[in-house]
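Open the model in your viewer and keep the selection tool at hand. The tour below moves from stop to stop.

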Amino acid sequence: MDQIKLNLLREVADLHGVPEGAYNIRSDGQLAGRNTTANIDIVSKEDGSGIDIHIKPGTVHESVHIPVIISESGLSEVVYNDFYVGENSDVVIVAGCGISNCGQQDSEHDGIHRFFVGKNAKVKYVEKHYGEGDGNGKRILNPVTEVHMDEGSYMEMEMVQIKGVDSTIRKTEMDLAAGAKVVIKERLLTHGNQTAVSEISAHLNGEGSSANIISRSVAKDNSYQKFVSRLFGNAACSGHSECDSIIMGNAKIQAVPEIDAECTDAALIHEAAIGKIAGDQIIKLMTLGLTEEEAEAQIVNGFLK
């Protein structure tokens with residue numbers, strides 16, 4: 001791989017070389033590398049539209065890396081990846097997509113990920129999106145994530161997009177059985193004329209299921225963001241959704257909550273806050289020797305951590 005592709009891998013998957021464990025690396029629409037283990041198998045779909053990842057029951061302390069990188073201007077693709085996580089397993093899955101577009105045509109990756117999380121299994125899922133390039137072509141990412149969680153399972157999802165993506169529509173849909181728990185942490189930064197829409201829906205179908213959704217975002221310049229959170233309490237469950245945003249320049253932000261309780265023992269909460277950086281915060285940092293621009297950057301970086 002050339003230096004551009006290596007940099008993209010570093011940004012979206014924290015990879016500085018060949019990862020340990022199972023991995024599947026996709027580069028400009030083609031398979032660039034794959035490794036399986038005794039407990040994790042990766043198989044290409046017969047129609048070539050994506051991959052199936054099978055994790056055996058009881059697999060612990062193993063990881064799967066499935067990054068996608070695009071450096072070809074004008075490339076547009078849709079990829080379907082299905083994850084079958086066996087019961088009582090405990091694994092880390094690292095995904096993400098990086099686009100470097102120095103051309104005149106738009107480059108786009110639409111990744112559809114479906115998770116089938118077995119009974120009492122635990123999954124940590126990390127998905128990072130990143131864009132770069134000095135061309136006029138846009139960098140477009142539209143991820144769709146479907147999560148089906150069996151009894152007693154747990155999933156933590158970390159979804160990050162903090163640089164270079166011109167347009168994104170992210171859709172996340174989940175259904176939880178009894179005792180299943182999901183925690184979603186979303187971090188987003190837009191600037192220039194970028195647009196970002198994030199829609200998260202959690203269907204709490206089983207007794208004792210729970211969802212905790214936390215979104216942190218910063219919108220600068222003329223960018224636009226929309227965050228939609230939907231909690232459906234269909235049993236004795238608990239759900240919490242929180243959206244905190246910083247708005248700067250001429251940006252626009254919308255936070256749209258939806259809470260639907262179908263059970264008297266469903267406890268659902270939504271919180272949302274949008275505001276600018278407080279002037280006294282900037283002044284305090286400037287007294288320590290930072291410029292106003294540096295002070296803003298420090299506050300934004302701390303907020304998105």
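**Stop one: Ala273**

Select Ala273: at 37% relative accessibility, this residue counts as partly exposed. The model is a predicted one. Ala273 sits in strand β22, which spans residues 267-275.

Which residues does Ala273 touch, leaving aside those up to four places away in sequence? Show Cys243, Asp244 and Ser245. Those are its contacts. Now add Ile246. Its C-alpha lies 8.6 Å from that of Ala273, with the two positions 27 residues apart in sequence.

**Stop two: the aromatic cluster**

Turn to the aromatic rings next. A pair of rings is described by the distance of the centres and the angle of the planes. How many aromatic pairs does the count come to? The count is three.

Select Phe83 and Phe115. Their ring centres are 4.4 Å apart and their planes meet at 5°, so this pair is stacked. Phe83 belongs to strand β7 (residues 76-85) and Phe115 to strand β10 (residues 107-117), so the pair ties together parts 32 residues apart in sequence.

Are these two rings' residues buried or exposed? Phe83 is buried, at 0% relative accessibility. Phe115 is buried as well, with a relative accessible area of 0%.

Keep Phe115 and add Tyr125. Here the ring centres are 4.8 Å apart and the planes stand at 70°, so the pair is edge-to-face. The cut-off for that label is over 60 degrees. This pair also links distant parts of the chain: Phe115 in strand β10 and Tyr125 in strand β11 (residues 122-132), 10 residues apart. Tyr125 is buried, with a relative accessible area of 0%.

Now display Phe83, Phe115 and Tyr125 together. Ring pairs link them into a cluster.

**Stop three: the cysteines**

Select Cys237 and Cys263. Why is there no bond from Cys237 to its closest cysteine sulfur? That sulfur, in Cys263, is 6.9 Å away, which is too far for a bond. A disulfide needs the sulfur atoms within 2.5 Å. Seen from the other side, Cys263 is in no disulfide, and its nearest cysteine sulfur is that of Cys237. The disulfide count comes to zero.

Finish by colouring the two cysteines by accessibility. Cys237 counts as buried, at 6% relative accessibility. Cys263 is partly exposed, with a relative accessible area of 23%. The cut-off for buried is under 20%.

Technical notes: Residues numbered from 1 in each chain as written. Predicted model: local features only at pLDDT ≥ 70, side-chain atom pairs only at ≥ 80, totals over all residues. Heavy atoms only, no water. Helix = DSSP H or I, 4+ residues; strand = E, 2+ residues; numbered from the N terminus. Buried < 20%, exposed > 50% of the residue type's maximum accessible area, 1.4 Å probe, protein only. Contact = heavy atoms within 4.5 Å. Phe/Tyr/Trp six-rings, centres within 6.5 Å; stacked < 30°, edge-to-face > 60°.
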